[in-house]
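Hi,

Here's the structure I said I'd pass on. Have a look at it first, and then read my notes below.

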Amino acid sequence: MLQQVRILRTTEAYCEGGCQSQCTPTPIPPAPTPTPPSPTPPGPSGDLSDIFSRDQFYTMLLHMNDNACPARGFFTYDAFITAAKSFPSFGNTGDLATRKKEIAAFFGQTSHETTGPKPSCHDVITGQWQPSAADIAAGRLPGYGLITNIINGGLECSGRNVPQVKDRISFYTRYCGDKIFGVDPGSNLDCDKQRPFNEGSNVFLDAAI
């Protein structure tokens with residue numbers, strides 16, 4: 001009789017409720033092991049030395065250390081490579097040809113903007129620059145206007161009278177004014193009668209003078 005009771009208590013009908021202590025529990029399958037996320041591929045390091053050598057740098061910028069260059073010795077290959085690492089996408093996006101073209105485009109623009117016997121803005125504003133005879137003939141005299149000429153003379157100076165020049169002067173005179181620095185902004189604030197550097201005769205200026 002006892003044996004029959006034990007058998008009865010292990011039947012499916014008896015165990016169906018799931019709360020009888022004598023029944024064998026249904027094993028719970030283990031939870032699946034989660035698949036670890038794929039690691040994010042490292043971004044570009046910004047190191048351009050693998051595609052732009054020291055020799056290429058100095059071949060590209062042949063005259064940057066000439067005696068006529070006020071900033072000679074300032075810009076070096078190592079300085080450029082280090083600075084580029086702060087902008088890791090620069091020169092590191094696309095295929096090899098695209099990467100090289102971006103570097104060439106950068107130096108093409110900066111070489112144009114820094115080529116020529118332009119004085120430094122620092123020397124002009126601190127009174128250390130003295131105009132040559134050619135500068136005087138071109139109307140390039142010390143003052144804030146000459147700094148505009150150095151920065152963007154080809155588009156803003158020599159009789160063009162563009163709004164950008166007035167805007168530059170407005171900012172400068174406001175900052176020099178009594179509410180901020182309280183200093184005299186000086187004379188020659190515009191570059192309307194100055195020929196841009198590396199430019200010959202200009203019809204606008206010739207008509208003005």
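Let's start with a small puzzle: is S158 buried or exposed? Keep in mind while you look that this is a predicted model. S158 sits in the loop between α8 and α9, and you might want to click on that loop before reading on. The answer is that S158 is buried, with a relative accessible area of 0%. Its backbone is worth a look too: S158 is not a glycine, yet its phi is positive, at about 65 degrees.

N188 makes a nice partner for that one. Its phi is also a positive value, near 55 degrees, in a residue other than glycine. You'll find N188 in the loop between α9 and α10. N188 counts as partly exposed, because its relative accessibility is 34% and the partly exposed class runs between 20% and 50%.

Now for the overall picture. The protein chain has 10 helices and 0 strands, so if you read the elements from the N terminus on, you get α-α-α-α-α-α-α-α-α-α. There are 209 residues in the chain, and buried ones make up 23% of them. I also looked at contacts between residues at least 6 apart in sequence: 59% of these join residues at least 24 apart.

Next, the helix pair on either side of S158's loop. Two packed helices are described by the angle between their axes and the distance between the axes. How do α8 and α9 pack? Helix α8 covers residues 144-156 and helix α9 covers residues 163-176; their angle is about 155 degrees and their axes are 11 Å apart. That makes α8 roughly antiparallel to α9, because angles over 145 degrees count that way. The crossing of α8 past α9 is right-handed. On the α8 side, the contact is made by Y144, T148, I151, N152 and E156. On the α9 side, Q164, V165, R168, I169 and Y172 do the job. Sorted by class, that contact has 5 nonpolar, 3 polar and 2 charged residues.

Y172 turns up again with I125, which lies in helix α6 (residues 121-125). Leaving aside neighbours within four places in sequence, I125 is in contact with I147 and Y172. Try finding L146 as well: I125 and L146 are 21 residues apart in sequence, and their C-alpha atoms are 9.1 Å apart in space. I125 counts as partly exposed, at 48% relative accessibility.

Another isoleucine to look up is I180, in the loop between α9 and α10 (203-208). I180 touches R174 and Y175, if you don't count residues up to four places away in sequence. With 43% relative accessibility, I180 counts as partly exposed.

Last stop: helix α4, residues 77-84. Which residues are buried there? They are Y77, F80, I81 and A84. Seen down the axis of α4, these buried residues fall within an arc of 95 degrees, so they line one face of the helix. There's a handy bit of background here: an α-helix has 3.6 residues a turn, so residues three or four places apart point the same way. What covers the buried residues of α4 includes α3 (54-60) and α5 (96-114).

Have fun turning it around on screen!

Cheers

Notes. Residues are numbered from 1 along each chain as its sequence is written. This is a predicted model: local features need pLDDT of at least 70, side-chain atom pairs count only at pLDDT 80 or more; totals for chains, interfaces and linings use all residues. Side-chain values use heavy atoms; hydrogens and water are left out. Axes are lines fitted to C-alpha atoms, for helices over the stretch in contact, and angles run from 0 to 180 degrees between N-to-C directions. Helices (H or I, at least four residues) and strands (E, at least two) are DSSP runs, numbered from the N terminus. Angles under 35 degrees count as roughly parallel, over 145 as roughly antiparallel, 65 to 115 as roughly perpendicular and the rest as oblique. A crossing is left-handed if the near helix is turned anticlockwise from the far one by less than a right angle, and right-handed if clockwise. Contact means heavy atoms within 4.5 Å. Ala, Val, Leu, Ile, Met, Phe, Trp, Tyr, Cys and Pro count as nonpolar, Asp, Glu, Lys and Arg as charged, and the others, Gly among them, as polar. Buried means under 20% relative accessible area, exposed over 50%, partly exposed in between (1.4 Å probe, protein chains only). The arc is that of the directions from the helix axis to the C-beta atoms.
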